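Reader: I'm new to reading structures, and I'd like to go through one with you. Can we take it piece by piece?

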Amino acid sequence: MRTIRILFIVYICFLQGLFAQNIPNPVLPGVADAGVIKYAGKYYIGGVGTNGSFYVSDDLVHWEGPVHVFSMDNNWKQSPGVGDNQIHANDMMYLNGKFHLYWSVNYWGRDKHAVHIAHAESDRILGPYIEPDKENWMDNRIDPKVFKDDDGRLYMYMVRFTDGNTIWVRPMQDAATFSGDPVCLFASLPGTWERMDNQVAEGPWVWKYRNRYYMMYNANHTGPEWGNYQLGIAEAGSPLSFNNGNKYAYPVLLSNQTGLEETYVDLLRYGPDYHPLFSYTVDTPAGNWKEISYNDTGWKKGKGGFIAREIKGSTSRRTGTLWNTPAIYLRKTFFADKDSVGNLALRVTHEGDTKVYLNGTCIYNKTGAGYRILNLGETQLQPLKTGENVLAVETTKGHSNNYIDVSLFDLKKEKADDILYTPGQPNVLRGPNGFEWWLVYMANKNREPRSQYINRIHFFDKTCYAEGITGKNTKGYHPVPTRPTFAKAVEDSRSWKEPWKLLETRPAEDYYFEVTLNATADAGIIAWWKNKDNWVKIGLDAATHTWYFKTSAAGKITKYSYSLPEDFPFQVDHSFIVERNGNKFRVRLDEIPAPGKAEFVIDIKERGIPGLFTEKGNATFHGIIYTIGWDEWDENINGWNITSAGNNFEVNPEGLKVTGKNELDALKGDKLLQYEYSLQITQPTEEGVAGIYAAYADKHNYVKVVFDYADKNLQAIEVRQGKEIKRKNYPLHGLRTHYADIKYTDFIEKGYVFSSPTWMNEIRLNRHAVDNNELFVENMFEKVSVEFKRNGKWHSFQNTQEEIAAHPGYNRLSFTPVKAEALRFINREADDLHTYLYKIQVNELWKESYNLRIVKKKDKILLFVDGKEIDVLNICLPESKVGLYSLGCTPVFNGILRYDLPEVE
């Protein structure tokens with residue numbers, strides 16, 4: 001890449017920004033309950049809908065295939081109905097030359113015993129896979145996931161049907177053999193988001209990052225008629241210690257309808273009193289049309305204004321467009337100012353054949369079950385008019401049950417997206433560039449068949465955060481996975497003219513380098529290369545059964561060798577991953593820390609290029625990945641250079657802590673034109689400013705983004721030629737949804753613990769009781785008392801005012817702003833055993849800790865706080881470093897990630 005030299009303060013901006021295409025979810029239609037493995041730079045997926053086949057991808061977006069890799073061939077499946085279409089919930093693992101396939105047989109036909117976990121093996125990723133034990137299944141029930149810890153030990157996580165669907169773990173002796181009894185980890189809990197319908201906890205996926213263990217799992221029923229299937233996370237300190245107490249209190253991925261319902265008022269449900277430009281009349285004319293009362297308890301409940309009950313009639317096969325069963329007819333007349341009311345979005349969810357008419361024009365016609373949102377302001381839906389409008393619905397009984405629900409939302413200037421819901425069967429993997437984390441999962445869109453979706457995973461220091469659920473029409477910045485700075489599929493050493501080869505790429509101070517190699521004798525990777533006398537090599541030596549770390553400093557060679565496990569095989573594929581962070585090198589062999597010593601500090605500061613080498617024999621290198629950047633946390637933070645005088649910092653297990661209140665400027669990294677940069681900033685006092693240099697071209701030209709703790713806002717400051725030319729302030733207050741923390745919650749008391757102490761001035765409670773949605777409470781604050789916790793003590797709020805919120809589904813309690821660590825709600829009456837709450841809304845004014853992320857493009861900087869897009873700054877800067885900044889306070893910076901966003905070719 002050409003180096004940009006600044007001879008004069010002149011910036012040449014490209015006319016167009018380089019924005020990656022938004023994720024085109026779903027990325028793989030018709031595939032569900034699937035497992036994904038990343039191997040040698042490619043991804044392989046298989047599960048329900050693939051019938052023993054795999055699809056293959058380089059980027060998680062474009063999938064080729066299917067390639068058939070496996071057919072069940074055993075003696076324990078007794079029914080002819082147990083075919084390859086019963087291969088569910090795959091999990092794949094590569095270990096010491098063998099590929100292992102685990103799956104669930106989930107056949108509930110004549111053979112009730114065919115609900116088991118099974119295992120097959122292959123020497124190749126694309127099979128064929130063979131079951132080594134044809135007489136026995138491996139274990140009982142469903143959803144296997146095998147996790148390899150940093151010490152090489154294996155654990156299988158699975159689901160059993162003991163308290164509903166529950167998650168268990170079982171240690172393994174090897175990839176095909178258990179070494180102990182199963183251990184129950186947890187079930188779904190009543191009164192939480194996990195038990196909105198059925199008792200289900202399933203689909204576990206476990207991984208380790210930043211010295212913490214994470215399990216993502218599903219809760220609630222998978223059925224789309226419920227729409228409650230959601231993903232949660234438990235975070236633990238060891239593979240066996242996941243439990244109810246270390247679950248996150250909230251779902252990390254859920255239907256996009258939850259946010260819609262929390263933000264906008266369903267006009268059909270709550271009526272005209274809550275919208276000044278909208279009104280309707282109850283209309284009950286003669287004939288088959290019928291207006292349904294929301295309070296009619298004989299009707300099956302829906303979320304919206306129309307609620308249907310069981311319909312008596314035939315359930316025979318369909319005849320024509322309607323079922324041969326009586327229909328019900330619903331009608332509402334409403335008045336609207338088409339030019340002022342905003343975009344009205346009509347949501348229809350149903351189980352039977354359904355038609356929707358607006359002013360006599362059919363705007364929706366669906367045979368069978370369906371879920372859909374219609375934007376009534378769109379051209380094809382012009383029947384919406386100013387004045388009187390008539391909305392009519394005709395629906396019939398569904399195949400298995402009856403459900404009809406219609407809602408109407410005023411989205412103002414927004415446009416309703418597709419209904420995206422029931423995310424499930426998670427897989428969490430490193431992205432193509434080695435730095436990003438990606439979630440691959442199944443989901444539904446508008447009642448279409450389940451398909452595969454992908455979304456980014458972020459870490460706010462060590463707290464996992466998931467973007468999504470998103471579709472191709474979802475608003476905001478949701479780019480496809482970032483590709484590496486350099487990537488190549490295969491290199492064969494036998495074609496080289498030299499015993500070593502360097503990557504044809506840009507040198508850097510910090511980078512991720514990954515290679516899968518297969519060597520006959522002595523070969524490996526060049527972790528850093530300056531010239532022929534200054535380099536670092538890491539290799540495998542078959543003759544001594546070791547791996548080694550070898551350095552050359554001005555021609556003086558030093559070698560460190562470490563023994564490999566006795567069963568470590570040579571002449572099969574092994575992966576090496578080297579992460580260079582300044583003068584620190586971390587080495588991972590087969591995706592876990594290399595045995596003996598996995599971290600080295602070497603006295604080098606120069607940029608370098610990685611490469612490949614052979615000392616003896618031949619070698620083949622697969623999946624070569626090189627990405628400029630670094631990922632650091634806790635005591636691993638390294639390489640920051642202070643450019644200001646009079647201040648300093650220390651690195652400890654909490655991160656990088658500033659030790660004085662004078663101005664701190666600390667810079668790091670290679671100058672890049674495009675990159676992503678994120679970190680967690682914690683500052684407990686109400687003074688000073690702390691933040692980052694989002695782009696630092698030189699001391700006269702930069703963009704700084706800081707939190708102002710006195711004024712409680714975020715500031716973006718642009719400096720050109722030494723002068724501040726623009727400053728933008730962003731208040732960060734707003735309503736946030738919080739879920740009850742089960743550690744401090746039971747059926748009469750609900751506890752809400754904040755991730756960091758939070759300033760607030762308002763609480764909103766849903767007026768629908770959790771344990772009885774028909775119980776609509778006039779003032780929920782009369783049912784429960786509320787207190788806040790600060791410095792370990794509980795306090796009452798001062799200067800309170802209770803009222804109905806702008807959203808009529810909520811009561812609002814306002815009060816003098818307080819700083820709180822937690823909230824608790826207790827039923828006021830001792831004999832009142834109702835469970836009124838499980839999630840609340842809090843108007844957060846400010847917090848002690850925020851995650852700050854920027855994406856620098858050629859001509860733009862995108863700004864995110866706690867995963868939410870705040871602004872897009874139209875700023876052109878050339879290649880830049882990044883930095884840390886503070887003044888008047890002593891913040892802690894942690895979980896610092898920065899990596900290259902290479903230009904699209």
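Reader: How many of the eight residues of strand E7 are buried?

Author: Keep in mind that we're looking at a predicted model. Strand E7 covers residues 115–122. Val-115, Ile-117, His-119 and Glu-121 point one way from E7, while His-116, Ala-118, Ala-120 and Ser-122 point the other way. Both sets are buried, so the strand is largely enclosed by the rest of the structure, and the count is eight of the eight.

Reader: Which residue is the bridge partner of Val-105 in E7?

Author: Val-105 belongs to the story of strand E6 (residues 98–106), which pairs with E7 in the antiparallel sense over eight bridges. Look across from Val-105 into E7 and you land on its bridge partner, His-116.

Reader: And what stands opposite Ile-117 in E8?

Author: E7 also runs antiparallel to strand E8 (residues 139–140), and two bridges join them. In E8, the residue opposite Ile-117 is Asp-139.

Reader: Let's move along the chain. Is Tyr-364 buried or exposed?

Author: Tyr-364 lies in strand E22 (residues 361–366). Its relative accessible area is 7%, and the cut-off for buried is under 20%. So Tyr-364 counts as buried.

Reader: Which side chain does the side chain of Tyr-364 join in a polar contact of 2.8 Å?

Author: Setting aside neighbours within four places in sequence, Tyr-364 is in contact with several residues, including Val-348, His-350, Tyr-371 and Leu-374. With Leu-374, 10 residues along the chain, the C-alpha atoms are separated by 8.4 Å. The polar contact of 2.8 Å goes to the side chain of His-350.

Reader: Now the salt bridges. How far apart are the closest N and O atoms of Arg-212 and Glu-235?

Author: Side chains of opposite charge can pair when their charged atoms come close. Here, Arg-212 sits in strand E15 (residues 212–219) and Glu-235 in strand E16 (residues 230–236), so the pair links distant parts of the chain, 23 residues apart. Arg-212 is partly exposed at 26% relative accessible area, whereas Glu-235 counts as buried at 14%. The closest N and O atoms of this salt bridge are 2.9 Å apart.

Reader: What about Lys-550: which residue does it form a salt bridge with?

Author: Lys-550 is buried, with a relative accessible area of 13%. Its partner counts as partly exposed at 39% relative accessibility, and lies in strand E41 (residues 611–616), 65 residues away from Lys-550 in strand E35 (residues 546–553). The closest N and O atoms are 3.6 Å apart, and the partner is Glu-615.

Reader: Where does Glu-436, the partner of Arg-456, lie?

Author: Arg-456 and Glu-436 form a salt bridge, with the closest N and O atoms 3.3 Å apart, and both residues are buried. Salt bridges that share partners also join these two with Glu-467, Glu-676 and Arg-853 into one network. Arg-456 is in strand E28, while Glu-436 is 20 residues away, in the loop between E26 and strand E27 (437–445).

Reader: You mentioned E26 and E28. Which strands stand at the edges of their sheet?

Author: The sheet is open, with four strands in the order E26-E27-E28-E29 and antiparallel pairing. An edge strand has a single partner, so one of its sides is left without a neighbour in the sheet. That description fits E26 (420–430) and E29 (463–466).

Reader: Which residue in E29 stands opposite Ile-457?

Author: Strand E28 (residues 451–460) pairs with E29 in the antiparallel sense over four bridges. Opposite Ile-457 in E29 stands Ala-466.

Reader: Last topic: which residues touch the most other members of the largest nonpolar core?

Author: In soluble globular proteins, nonpolar side chains tend to be buried together. The largest core in this model has 78 residues, and its largest share, six residues, comes from strand E42 (residues 619–632). Another core, of 38 residues, lies apart from it, with Tyr-43 and Ala-466 among its members. In the largest one, those that touch the most other members are Trp-547, Trp-640 and Tyr-677.

Note on methods
Residues numbered from 1 in each chain as written. Predicted model: local features only at pLDDT ≥ 70, side-chain atom pairs only at ≥ 80, totals over all residues. Heavy atoms only, no water. Pairing = 2+ DSSP bridges. Core = buried A, V, L, I, M, F, W, Y, C linked by side-chain atoms within 4.5 Å. Buried < 20%, exposed > 50% of the residue type's maximum accessible area, 1.4 Å probe, protein only. Contact = heavy atoms within 4.5 Å. Polar contact = N/O pair within 3.5 Å; in protein donor to acceptor, adjacent residues only side chain to side chain. Salt bridge = Lys/Arg side-chain N within 4 Å of Asp/Glu carboxyl O.
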